Amino acid sequence: MQNELGPDTAAAAARRARFGRLPERIRFEDMTEEVAGGPRRAGASYDPQGSWKYYSCLALDLGL
């Protein structure tokens, strides 16, 4: 019997050589960052009477 690598075995060996192991696991604490929120601006609250200024409707724009 010859010791030849089949196409699947050769591909697996190439993958193993290129991607030998998984990267190190990152802890959850290292992925998150806590930032204190700044003070709220006076105009940052929701205003239902003024919200129409930001509403966009193509049918209304075309007068349909």
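Biologist: In this predicted model, which residue forms a salt bridge with Glu-24, and how far apart are the closest N and O atoms?

Modeller: As a general idea, side chains of opposite charge can pair when their charged atoms come close. In the case here, the partner of Glu-24 is Arg-21, and the closest N and O atoms of this salt bridge are 3.1 Å apart. The two side chains also make a polar contact, listed at 3.1 Å.

Biologist: Where does Glu-24 lie, and is Glu-24 buried or exposed?

Modeller: Glu-24 sits in the loop between α1 and α2. A residue is called exposed when its relative accessible area is over 50%, so Glu-24, at 62% relative accessibility, counts as exposed. Arg-21 is exposed as well, because its relative accessible area is 63%.

Biologist: How many salt bridges does the count come to?

Modeller: The count comes to two salt bridges. Besides the pair of Glu-24 and Arg-21, Asp-30 forms a salt bridge with Arg-27, where the closest N and O atoms are 3.3 Å apart. Both Asp-30 and Arg-27 are exposed.

Biologist: Which residues make the nonpolar surface patch?

Modeller: Ile-26, Phe-28 and Met-31 make this patch, whose area is about 370 Å². Of these residues, Ile-26 is found in the loop between α1, which spans 7–18, and α2, which spans 28–31. Ile-26 has a relative accessibility of 57% and therefore counts as exposed.

Biologist: Stepping back to the whole protein chain, how many helices and strands are there, and what share of the residues is buried?

Modeller: The protein chain has three helices and zero strands, and from the N terminus on its elements run α-α-α. Buried residues make up 2% of the 64 residues, where buried means a relative accessible area under 20%. The protein chain exposes about 7,200 Å², of which carbon and sulfur atoms supply 55%.

Biologist: Where in the protein chain is confidence lowest, and where is confidence highest?

Modeller: The general caution is that where pLDDT is low, the predicted coordinates should not be read in detail. In this protein chain the pLDDT averages 76, and 69% of the residues score at least 70. Confidence is lowest in helix α3, residues 58–61, at a mean of 74, whereas confidence is highest in α2, at 90.

Terms used
Residues numbered from 1 in each chain as written. Predicted model: local features only at pLDDT ≥ 70, side-chain atom pairs only at ≥ 80, totals over all residues. Heavy atoms only, no water. Patch = residues over 30% accessible without salt bridge, like charges linked within 9 Å, V, L, I, M, F, W, Y side chains within 5 Å. Areas by Shrake-Rupley, 256 points an atom, 1.4 Å probe, with all protein chains shown as cover. Salt bridge = Lys/Arg side-chain N within 4 Å of Asp/Glu carboxyl O. Helix = DSSP H or I, 4+ residues; strand = E, 2+ residues; numbered from the N terminus. Buried < 20%, exposed > 50% of the residue type's maximum accessible area, 1.4 Å probe, protein only. pLDDT = per-residue confidence, 0-100. Polar contact = N/O pair within 3.5 Å; in protein donor to acceptor, adjacent residues only side chain to side chain.
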